[in-house]
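These notebook entries record what I looked up, one topic at a time. The structure comes first, and my entries follow.

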Amino acid sequence: MPTMGALHDGHISLIQKSIAQKEFTVCSIFVNPHQFNDKSDFEKYPKRVENDILLLESAGCDMVFLPEASELYGIHYRQPFYELGKLENIFEGRYRPGHFQGVCAVIDRLVEIIKPSAIYLGKKDFQQCKVIAELFRLKGWKNKIKIVVSETVREKNGLALSSRNLRLSKQGIHKAGNLFKALQEAKEILLNADEGVEFYQLKNKMTRFLFNNGFEKVDYFELVDNDFNVVPVFNKTTGKNILITAASIEGIRLIDNLDIVS
Ligand code: AMP
């Protein structure tokens, strides 16, 4: 299971799932410089390796892999280009240029080294899960390595657990719960509407709600289908859609998503 450390209950839930399903569980901790488009975000990324190791030990994880960048990539390393199609430039890809190439680079190296039979991922990073599925297709790993995606673990107020939450003030954590609240409210409106809902109206309403409730920036608040096509009008026959959002509070960029199953 790949992580960037500063582990929380969301990470541990994935570890526990792997322990329950597999003979041997490896957790990697590596803050991958290649996937950060913002240098200060990389520098400020929380680091708590000793605490992480204790958490992994008490969860029963079999092995921790803590590579150095030089070890993982080597001096002759040239980052390959991964043909990710539209996934690369929309939503997270649009706001974090190069991010998914960096994610593919690190997962590629980790899989080559660890040779797992399964990889455990969190649905909080829904687009990342799709990108990794695409990487596995490109590398011919699709039928060899299982991708197990787990539900998002949340604070009591709905805020998705994230290592970046450590950088929020107490008040910020409280207000950041409004991101999930906006997703839930949008879901309720979509599922209770008698006829088709034009999503842009709901998007405006929810964006206003976020601005009025502590968030200083909303990168996107969108409804997509399982292939990341935007759904302009929702109606109950649409099947499974996903609300996805990214917004910043106290300078910290948070992402979240919620399934809409009619
Ligand atoms: P990260 O350390 O942020 O790179 O995350 C490592 C893995 O843990 C990724 O697959 C994430 O999607 C997953 N993850 C992060 N936060 C959560 C959460 N709140 N609930 C479940 N999984 C999570």
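**Entry 1: Glu134**

I began with Glu134, which I found in helix H7, spanning residues 126-139. The model I am reading is a predicted one. I then asked whether Glu134 is buried or exposed. Its relative accessible area is 18%, and the limit for a buried residue is under 20%, so I recorded Glu134 as buried. Leaving aside residues up to four places away in sequence, I listed its contacts as Glu83, Leu84 and Leu87. I also looked up how Glu134 stands to Asp41: 93 residues separate the two in sequence, and their C-alpha atoms are 26 Å apart in space.

**Entry 2: Asp41 and its partner**

Asp41 led me to the salt bridges, of which the structure holds 16. Which residue does Asp41 pair with? I found that Asp41 forms a salt bridge with Arg164, with 2.9 Å between the closest N and O atoms. This pair links distant parts of the chain, 123 residues apart: Asp41 belongs to helix H2, while Arg164 sits in the loop between strand S5 (146-150) and helix H8 (170-192). I noted both Asp41 and Arg164 as buried.

**Entry 3: Lys39 and Glu43**

I stayed with helix H2, which covers residues 39-43. Here the side chains of Lys39 and Glu43 meet in a salt bridge, at 3.4 Å from N to O. I asked why these two residues are about one helical turn apart. The reason I recorded is that they are four residues apart within helix H2. Both Lys39 and Glu43 are exposed, whereas Asp41 and Arg164 are buried.

**Entry 4: Asp259 and Lys240**

Next I looked up the salt bridge between Asp259 and Lys240, whose closest N and O atoms are 3.8 Å apart. Asp259 lies in strand S10 (residues 252-261) and Lys240 in strand S9, so this pair ties together parts that are 19 residues apart in sequence. I compared the exposure of the two partners. Asp259 has 18% relative accessibility and therefore counts as buried. Lys240, with a relative accessible area of 39%, is partly exposed. I also noted a network here: salt bridges that share partners join Asp41, Arg96, Arg164 and Arg167.

**Entry 5: Asn241**

I remained in strand S9, which runs over residues 240-249 and contains Asn241. The relative accessible area of Asn241 is 1%, so I entered Asn241 as buried. Which residues does Asn241 touch, not counting residues up to four places away in sequence? I listed Leu223, Val224, Asp225, Val231, Phe234, Leu258, Asp259 and Ile260. For Asn241 and Ile260 I also took the separation: they are 19 residues apart in sequence, and 5.1 Å apart in space from C-alpha to C-alpha.

**Entry 6: Two residues with positive phi**

I turned to the backbone. Most residues other than glycine have a negative phi. I found that Glu250, although not a glycine, has a positive phi of about 50 degrees. Glu250 is in the loop between S9 and S10. With 37% relative accessibility, Glu250 counts as partly exposed. Ala6 also has a positive phi, near 50 degrees. I located Ala6 in the loop between strand S1 (2-3) and H1. Ala6 has a relative accessible area of 3%, so I recorded Ala6 as buried.

**Entry 7: Helices H1 and H3**

From that loop I moved on to H1. Two packed helices are described by the angle between their axes and the distance between the axes. For helix H1 (residues 9-21) and helix H3 (residues 49-59), I noted an angle of about 35 degrees and a distance of 10 Å between the axes. I entered the crossing of H1 and H3 as right-handed. Which residues meet here? On the H1 side I listed Ile12, Ile15 and Ile19, and on the H3 side Leu55, Leu56 and Ala59.

**Entry 8: A nonpolar surface patch**

My last entry concerns the surface. I found a nonpolar patch formed by Val49, Ile53, Val64 and Leu66, which together have about 250 Å² of accessible area. One member, Val64, is in strand S3, residues 63-65. I recorded Val64 as partly exposed because its relative accessibility is 30%.

Note on methods
Residues numbered from 1 in each chain as written. Predicted model: local features only at pLDDT ≥ 70, side-chain atom pairs only at ≥ 80, totals over all residues. Heavy atoms only, no water. Patch = residues over 30% accessible without salt bridge, like charges linked within 9 Å, V, L, I, M, F, W, Y side chains within 5 Å. Areas by Shrake-Rupley, 256 points an atom, 1.4 Å probe, with all protein chains shown as cover. Salt bridge = Lys/Arg side-chain N within 4 Å of Asp/Glu carboxyl O. Buried < 20%, exposed > 50% of the residue type's maximum accessible area, 1.4 Å probe, protein only. Axes fitted to C-alpha atoms, helices over the stretch in contact; angles between N-to-C directions. Left-handed = near helix turned anticlockwise from the far one by under 90°. Contact = heavy atoms within 4.5 Å.
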